[in-house]
Amino acid sequence: MSLAWQAAGASHVGRVRRQNEDALHVDARRGVFLVADGMGGHAAGDVASRTAIRTVDELVSAAKGGVDPAERVEQLVEAARRANEAILSDAERVPERAGMGTTLTVFATLPGVATRAVVHVGDSRAYLLRDGTLTQLTTDHTWVQRQVELGKLSPRRARVHPYSSVLTNALGVPETDRIDTVVGDARPGDLYLLCTDGLTTVLEDDTIQSILSEDHDLAGWARELVDAANQAGGPDNVTVVLIRAESDA
Ligand code: CA
């Protein structure tokens, strides 16, 4: 079955930060959607997140069409590696950018099949809402997630833990050693959410699920999620991308 894809995104500085170091990119024609959450002083986080998105977008745009799904996933992983290298070499060249880094979550449709891939580094997230149930597709590369896996913290306590935002892996960090890929089937009616931690540190999954169960279009859901994060204090930049699969009849 072939699918048609629609998407919308929104990003907001929040109510505390002075700069928005998140970045997003929506390319429904090529079926590639990205969010990145940059970090680093002197506006370097902004440079890191934009560099990641630009690097992936350029490589995806330059790639020839018609590649098979496995090849497409490998292209995306390679693009994330190149983004890592681009950020590292920029940080080496410009002293004020030393130590900058970024998360990266890429959602891509795969050619010719009802399948999608997520390529992921850091603590931004991809979710799937299917049949009314929200499921997190990615695993956070954070210290608290590691403690949850070891059985030392509950997911609920991890969310409010003082170290909740401490990353164990990001682009732009020399020891970046992990680029996750999550491949799965896609069905008509699937709603995917990509978001930075500015959303998920203030909204629980249940709240996100109930907002996505309201009657809106994609842009409306994006707006509602950003508003809800800001109503909850807006402590961080918040970025969301919503992607919906429809049957291409
Ligand atoms: Ca953030």
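Arginine 130 is a buried residue, with a relative accessible area of 17%. In this predicted model, the side chain of arginine 130 meets the side chain of aspartate 185 in a salt bridge, 3.7 Å from N to O. This pair links distant parts of the chain, since arginine 130 sits in strand S7 (residues 125-130), aspartate 185 sits in strand S9, and the two positions lie 55 residues apart in sequence terms. The points below walk through this and other spots you can look up in the structure.

**Salt bridges**

- Let's start with the total: the structure holds 18 salt bridges.
- Is aspartate 185, the partner of arginine 130, buried or exposed, or something in between? Aspartate 185 has a relative accessibility of 37%, so it counts as partly exposed, because the buried class ends at 20% and the exposed class begins over 50%.
- Another pair is aspartate 90 and arginine 97, whose side chains meet in a salt bridge of 2.9 Å, N to O.
- Aspartate 90 counts as buried, at 8% relative accessibility, while arginine 97 counts as partly exposed, at 24%.
- A further salt bridge joins the side chains of arginine 81 and glutamate 78, at 2.9 Å from N to O.
- Where do arginine 81 and glutamate 78 lie? Both belong to helix H2 (residues 69-93), and they are three residues apart, which is about one turn of the helix.
- Arginine 81 is partly exposed at 37% relative accessibility, and glutamate 78 is partly exposed as well, with a relative accessible area of 29%.
- Arginine 81 and glutamate 78 also belong to a network of salt bridges that links Glu74, Glu78, Arg81 and Arg82.

**The calcium ion**

- Which residues coordinate the calcium ion? The coordinating atoms come from Asp37 (OD, listed twice), Asp197 (OD) and Asp236 (OD), at 2.2 to 3.1 Å.
- Along the chain, the donors follow the spacing D-x159-D-x38-D.
- Aspartate 37 lies in strand S3 (residues 32-39) and aspartate 197 in helix H5 (residues 197-200), so this pair ties together parts of the chain that are 160 residues apart in sequence.
- Aspartate 37 and aspartate 197 are both buried.

**Glutamate 21 and its surroundings**

- Glutamate 21 is found in the loop between strand S1 (3-12) and strand S2 (22-27).
- Although it is in a loop, glutamate 21 is buried, with a relative accessible area of 12%.
- What does glutamate 21 contact, once its neighbours within four places in sequence are left aside? The contacts include Ala36, Asp37, Gly38, Met39 and Gly40, together with Ala43, Ala44, Gly45, Asp46, Ser49 and Asn237.
- Asp37, one of those contacts of glutamate 21, is also one of the residues coordinating the calcium ion.
- Glutamate 21 and alanine 36 are 15 residues apart along the chain, and their C-alpha atoms are separated by 8.4 Å.

**Asparagine 230 and histidine 12**

- Asparagine 230 is part of helix H7 (residues 218-231).
- With a relative accessible area of 10%, asparagine 230 is buried.
- The side chain of asparagine 230 makes a polar contact with the side chain of histidine 12, at 3.1 Å.
- Not counting residues up to four places away in sequence, asparagine 230 touches His12, Gly14 and Arg15.

**Out at the surface**

- Trp143, Tyr163 and Val166 form a nonpolar patch on the surface, and together they have about 280 Å² of accessible area.
- Tyrosine 163, one member of that patch, is located in the loop between helix H4 (155-160) and strand S9 (180-185).
- Tyrosine 163 counts as partly exposed, at 46% relative accessibility.
- Arginine 156 lies in helix H4 and counts as exposed, at 59% relative accessibility.
- How many residues separate arginine 156 from glutamate 204 in sequence? They are 48 residues apart, and in space their C-alpha atoms are 8.9 Å apart.

**A backbone angle to look at**

- Aspartate 131 has a phi near 50°, a positive value in a residue other than glycine.
- For background, most residues other than glycine have a negative phi.
- Aspartate 131 is placed in the loop between S7 and strand S8 (133-136).
- The relative accessible area of aspartate 131 is 73%, so this residue is exposed.

Terms used
Residues numbered from 1 in each chain as written. Predicted model: local features only at pLDDT ≥ 70, side-chain atom pairs only at ≥ 80, totals over all residues. Heavy atoms only, no water. Helix = DSSP H or I, 4+ residues; strand = E, 2+ residues; numbered from the N terminus. Buried < 20%, exposed > 50% of the residue type's maximum accessible area, 1.4 Å probe, protein only. Contact = heavy atoms within 4.5 Å. Patch = residues over 30% accessible without salt bridge, like charges linked within 9 Å, V, L, I, M, F, W, Y side chains within 5 Å. Areas by Shrake-Rupley, 256 points an atom, 1.4 Å probe, with all protein chains shown as cover. Salt bridge = Lys/Arg side-chain N within 4 Å of Asp/Glu carboxyl O. Polar contact = N/O pair within 3.5 Å; in protein donor to acceptor, adjacent residues only side chain to side chain. Donors = N, O, S within 2.8 Å, 3.2 Å for Na, K, Ca; no water.
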